[in-house]
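Me: I'm new to this structure and would like a close look at one part of it. Could you walk me through the sheet, strand by strand, and what surrounds it?

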Amino acid sequence: MATEYQVENRTLYVKLDGELDHHLAERVRHKCDVILKSYPIRDIEFDFKNTGFMDSSGVGMILGRYKQLKPLGGTVSVVNVNDVVKRIVHMAGLHKIINER
């Protein structure tokens, strides 16, 4: 399975597949940038159902998408995070600026 991207209305849904490390973060960053230039996206939701780990590259990638959408009044959300990813989200302080469902 590969990371899936779906646009509905003005929301980009990203279903991650695998550890969100430097390699996956770079691919997701690039694909999100392409989609953000092609569609009037306001919100992004990252689904961590198939992701058991995230490193600082993943934190940076999510933070970067937040910085892109904030001036537009948009939001970034993470869903289906396990305890490991949730701990990283909280340690990095992302929980203060993104939605966690």
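Which residue in β2 is the bridge partner of Glu8?

Reply: That partner is Thr11. Before going further, keep in mind that this is a predicted model.

Let's start with the place you asked about. β1 and β2 make a hairpin, with 2 residues between the strands. Asn9 sits in the turn, and its phi is positive, at about 55 degrees. The two strands run antiparallel to each other, and their pairing covers 5 bridges.

Now zoom out a little. The hairpin belongs to an open sheet of 5 strands, in the order β1-β2-β3-β4-β5, and the pairing is mixed. At the edges are β1 (4-8) and β5 (99-100), each of which pairs on one side only. As for what holds such strands side by side, strands of a sheet pair through backbone hydrogen bonds, in either a parallel or an antiparallel way.

Moving on from β2 to β3, the sense is parallel, and 6 bridges link these two strands. Thr11 turns up again here: it stands opposite Asp43 in β3. Leu12 has a bridge partner in β3 as well, namely Ile44.

β3 deserves a longer stop. Most of this strand is covered, with 6 of its 8 residues buried. One residue to look at is Asp43, which lies in β3. Asp43 is buried but has no salt bridge. The nearest side chain of opposite charge belongs to Arg42, and it is 4.4 Å away. That is why no salt bridge is counted here: the rule asks for a side-chain nitrogen of Lys or Arg within 4 Å of a carboxyl oxygen of Asp or Glu. What Asp43 does have is a polar contact of 2.8 Å, side chain to side chain, with Thr75. If you set aside neighbours within four places in sequence, Asp43 is in contact with Arg10, Thr11, Leu12, Leu69, Gly74 and Thr75.

Another acidic residue of β3, Glu45, does form a salt bridge. Its partner is Arg101, and their closest N and O atoms are 3.2 Å apart. Glu45 lies in β3 while Arg101 is in the segment after β5, so this pair ties together parts that are 56 residues apart in sequence. The two ends differ in cover: Glu45 is buried, at 15% relative accessible area, whereas Arg101 is exposed, at 58%.

The edge strand β5 has a link of its own. Glu100 forms a salt bridge with Lys86, the closest N and O atoms being 3.8 Å apart. Since Lys86 is in helix α3 and Glu100 in strand β5, the pair ties together parts that are 14 residues apart in sequence. Both residues are partly exposed, Lys86 with 37% relative accessibility and Glu100 with 29%.

Altogether, the count is 4 salt bridges. One of them is in a helix: Arg29 pairs with Glu26, with 2.8 Å between the closest N and O atoms. They are 3 residues apart in α1, which means about one helical turn separates them. Arg29 is partly exposed at 23%, and so is Glu26 at 40%.

That brings us to what packs around the sheet's strands. In soluble globular proteins, nonpolar side chains tend to be buried together. In this model, the largest nonpolar core has 28 residues, and the members touching the most others are Leu20, Phe46, Phe48, Met54 and Ile62. The elements giving two or more residues to this core are β2 (11-17), α1 (22-38), β3 (43-50), α2 (56-69), β4 (75-79) and α3 (83-92). Of these, α1 gives the most, with 6 residues.

Try clicking on Leu20 to see the core from one of its members. Not counting residues up to four places away in sequence, Leu20 touches Ala25, Phe48, Thr51, Phe53, Met54, Asp55, Gly58, Met61 and Ile62.

One last stop is Ser56, found in helix α2. Ser56 is exposed, with 62% relative accessibility. Its C-alpha atom is 8.1 Å from that of His22, although the two residues are 34 apart along the chain.

How values were computed. Residues numbered from 1 in each chain as written. Predicted model: local features only at pLDDT ≥ 70, side-chain atom pairs only at ≥ 80, totals over all residues. Heavy atoms only, no water. Core = buried A, V, L, I, M, F, W, Y, C linked by side-chain atoms within 4.5 Å. Buried < 20%, exposed > 50% of the residue type's maximum accessible area, 1.4 Å probe, protein only. Helix = DSSP H or I, 4+ residues; strand = E, 2+ residues; numbered from the N terminus. Contact = heavy atoms within 4.5 Å. Pairing = 2+ DSSP bridges. Lys, Arg positive; Asp, Glu negative; His and termini not counted. Polar contact = N/O pair within 3.5 Å; in protein donor to acceptor, adjacent residues only side chain to side chain.
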